[in-house]
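Let's go through some labels and ask what stands behind each of them. Have the sequence and the structure open as you read.

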Amino acid sequence: MPALVVFNRRWRIGSDDLVVPSFVEFVVRLAWLVVISIVFSLHRDAFDCAGGPLLHVFYIGTLTLISIHEVLLMIIMYISLQGTIIDTRPRHHMPKMVYTKALLHLPEVAWICMGTYWAFDDSVDCDVDVTNTVKVLVVTVWVCLFLELVGLIVVFDPFGGNSHVVSNPSTPRDLEEGDTETVMHQAGSRFKKMWQMRCKYLCCCCVGCDEHSQNAFSDVGQLFAEFFSEEVDLTPTDIAAGFILLKEEQDSRPKTLRSIAQRSQPTSTSTSIPPQVPEGGATSQRLENNGIKPWMNIQALAHYMKFAQAAYGWPLFMFGHLVTGPCRLYKECRYSDKYLRVREPIHVRWERWKENVDAFFAQNPNERCCTCPSPPEHIRNDNFCACHTAAILKTSQVDYEDIVFISLHNKIYEIPFFVALDHKGQSVVVAIRGTLSLRDVMTDLTAECDTIEIDGVSGALGHKGMIQAACYVKRKLERDRILDIAFHRGQGYKLVITGHSLGAGAAAILSILLKPQYPDLMCYAYSPPGGLLCQSTAKFTEDFVCSVVLNEDIVPRLGIVTMEKLKVKVLKIIKDCNKPKHKIMTGACTNVICAVTRDNSDDGSTTSLLSSSSRDSPRYDSIVTHFQESLQSAIVNSGQSRVTNQRLWPPGKIFYIEEADKSSSWCGTPSYLPHWAEMEDFSDIIVSPSMIMDHMPDAVSKALDILAERNQMPS
């Protein structure tokens, strides 16, 4: 901080971010220097040929340029190591070094062009080994220059040429109030359009656009523009350092959720409980008095997690079985009559498939390609081998005859799901897939509030994208009369709706929409989004929705308001910490690689490491003043966000799984403690290396299986 300004524009990199790039380039150029010096000494007598004098000049010039680059890179590394995140005064010469290095590229490119001309000129009759060596050299240099160009593109700021109007501390601040509002409004509009275009190019180029795309791009663009257009002159590495410091601060405090801080240890019995069978005794009565339903037991939670996993199809199955996955799916994937579940040897089915193909071409002689057998009506949009269907059968452990409907159709606001009969739990299961495509990501990011029509609940609000997804599934179920068919085949069964992540959010909202028709339905929401339902609606779902949250999972804590709070915390901790950024990053890497817990009692997080001369310098004062103004602006905006943006919460009763001993997970079976938590326990984001992995469906399933094996429930 602030971002590096060269060539009259702002870049997404700071003057203290050049340590690693300069070191890598230093090592590469040092290797060049050694190799070229050896080659030059070995072929000193090979210059007596046509083009030999030019080759000699090329070698001398290349060695000279590389040596100058090495010296300059050492200077850049030294300067980049000085100062702190806020104090850039010791690095004020960095732009000059960058300009010098850019100028050095001009003769280097000219020299490489000369070497390329010499190496690939047919008139050169020098030794073949010498010619090949020069060819390898120039090709390698061109590749490295291309990689440098890619690096420039990565750190290029599209608004770097005009963002200094609102972010540079040296910008005059004597604009009239109306002019300031106009500038900020124009900047906000530019940011919104920029994010809209990014979303459009990313999604449309990769997966195509549909009728919902434009509205989604507009909503997502507005969301990102409001969150990232803050007047804070920070680079991505500054934010990463802030997250590392915030994690250290959070590690120094107890992480036990407030609502379970003083609760007793969980109970454990050896009796196996089938899904949906209520527990007996005083514990069960006490849980019912607290609103915990009998079907909210660990056996049922572990059982229906398999259906939520199955909804992801073959990608998640292959991820969980990297080596044996193809063999496991081989027996389930169809050839021509797999959907009929004919149990015949593969060679018999193969012969019949060839007979069918020959008969087809006999009746249609003009056809020139093999027409794949059409899947049955109740399976939509699966591939030829029915890999998704095979994975669903393997993961959920249901028979093919129990599959009522599978839809793999996927667009923005339209997500895949399947319906199956679960004879073990005597239920009809609707399993909705979580995020697995860019279209799903757009549905996730359409995070503004929308209304939900609920009898008896006024002002019910929820996540717009997931409301749209739930409405799509509901329309599909009603139009094709899928549930009527399922309940006709499963007389007396109950309705269970389940899903993970995006699927959990859509499942919870779908259960709200179907509650009037199916009063006894149950919903198991695994790792649901935190920004899903308003407080009154989340309370309404406690009777029929059970959510599962694993450890430090970020998604159940994620929302617009919590993100604003996180941003303020990061800005505050960056302001209070005066450690050099390279020490913060090095310490974090050491912790990850060596699993070392550092003592933060004297790490400089809250103690100034700046000399009095640095703190008294006018430039430092201007940076700190600007940063304090930016921090205050972020705090004000965060407060406004809490007023303008409805606070959303995860749904239903929350079954929270805490990892008791993280050290045991590296060398054996991890130990988990289950608790019943409150929605308020997830009002802050926990920065942790496992906050993403704890959200993965296989991690949630593993934790539930361990608890189910021990029949471990909260007391």
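Q: Which residues form one aromatic cluster?
A: In this predicted model, the cluster is made by Trp295, Tyr304, Phe307 and Tyr524. The rule behind it asks for ring centres within 6.5 Å, and by this rule the count comes to twelve aromatic pairs.

Q: Why is the pair of Phe405 and Phe417 called tilted?
A: Let's start with what describes such a pair: the distance of the centres and the angle of the planes. By this rule there are twelve aromatic pairs. For Phe405 and Phe417 the centres are 5.8 Å apart and the planes are at 35°. The cut-off for a pair is 6.5 Å, and an angle that is neither under 30 degrees nor over 60 counts as tilted, so the pair is tilted.

Q: What makes Phe405 and Phe417 a tie between parts of the chain?
A: Phe405 belongs to strand S5 (residues 403–407) and Phe417 to strand S6 (residues 417–422), so the pair ties together parts that are twelve residues apart in sequence. Phe405 is buried, and so is Phe417.

Q: What makes the pair of Phe655 and Trp676 edge-to-face?
A: The angle between the planes is 80°, with 5.3 Å from centre to centre. Over 60 degrees counts as edge-to-face, and that is the label this pair gets. It links distant parts of the chain, with Phe655 in strand S13 (residues 653–661) and Trp676 in strand S14 (residues 671–677), 21 residues apart. Both Phe655 and Trp676 are buried.

Q: How do you know that Arg647 lies over the face of Trp649?
A: Arg647 is at 4.0 Å from the ring centre of Trp649. The distance cut-off is 6 Å, and the charge must also be within 35 degrees of the ring normal. Arg647 is listed as lying over the face of Trp649.

Q: What makes Glu25 and Arg29 a salt bridge?
A: Their side chains meet at 2.8 Å, N to O, and the cut-off is 4 Å. Being four residues apart in helix H1 (residues 19–42), Glu25 and Arg29 are separated by about one helical turn. Glu25 is buried, and Arg29 is buried too.

Q: Why is Lys474 called buried and Glu478 partly exposed?
A: Lys474 has a relative accessible area of 19%, and buried means under 20%, so Lys474 is buried. Glu478 has 42%, which falls between the 20% and 50% cut-offs, so Glu478 is partly exposed. The two side chains meet in a salt bridge (2.7 Å, N to O). Both lie in helix H16 (residues 464–479), four residues apart, about one turn of the helix.

Q: How do you know that Asp480 and Arg479 form a salt bridge?
A: The closest N and O atoms are 3.9 Å apart, and the rule asks for within 4 Å. Asp480 counts as partly exposed at 24% relative accessibility, whereas Arg479 counts as exposed at 60%.

Q: How many salt bridges are there by this rule, and which residues are linked in a network?
A: The count comes to 20 salt bridges. Asp16, Asp17, Arg91, Asp238 and Lys581 are linked in a network.

Q: Why is Val143 called partly exposed?
A: Val143 has a relative accessible area of 44%, between the 20% and 50% cut-offs, so Val143 is partly exposed. Val143 sits in helix H4 (residues 128–155). A nonpolar surface patch of about 940 Å² includes Val143, with Phe120, Phe146 and Leu147 also among its residues.

Conventions:
Residues numbered from 1 in each chain as written. Predicted model: local features only at pLDDT ≥ 70, side-chain atom pairs only at ≥ 80, totals over all residues. Heavy atoms only, no water. Patch = residues over 30% accessible without salt bridge, like charges linked within 9 Å, V, L, I, M, F, W, Y side chains within 5 Å. Areas by Shrake-Rupley, 256 points an atom, 1.4 Å probe, with all protein chains shown as cover. Helix = DSSP H or I, 4+ residues; strand = E, 2+ residues; numbered from the N terminus. Buried < 20%, exposed > 50% of the residue type's maximum accessible area, 1.4 Å probe, protein only. Phe/Tyr/Trp six-rings, centres within 6.5 Å; stacked < 30°, edge-to-face > 60°.
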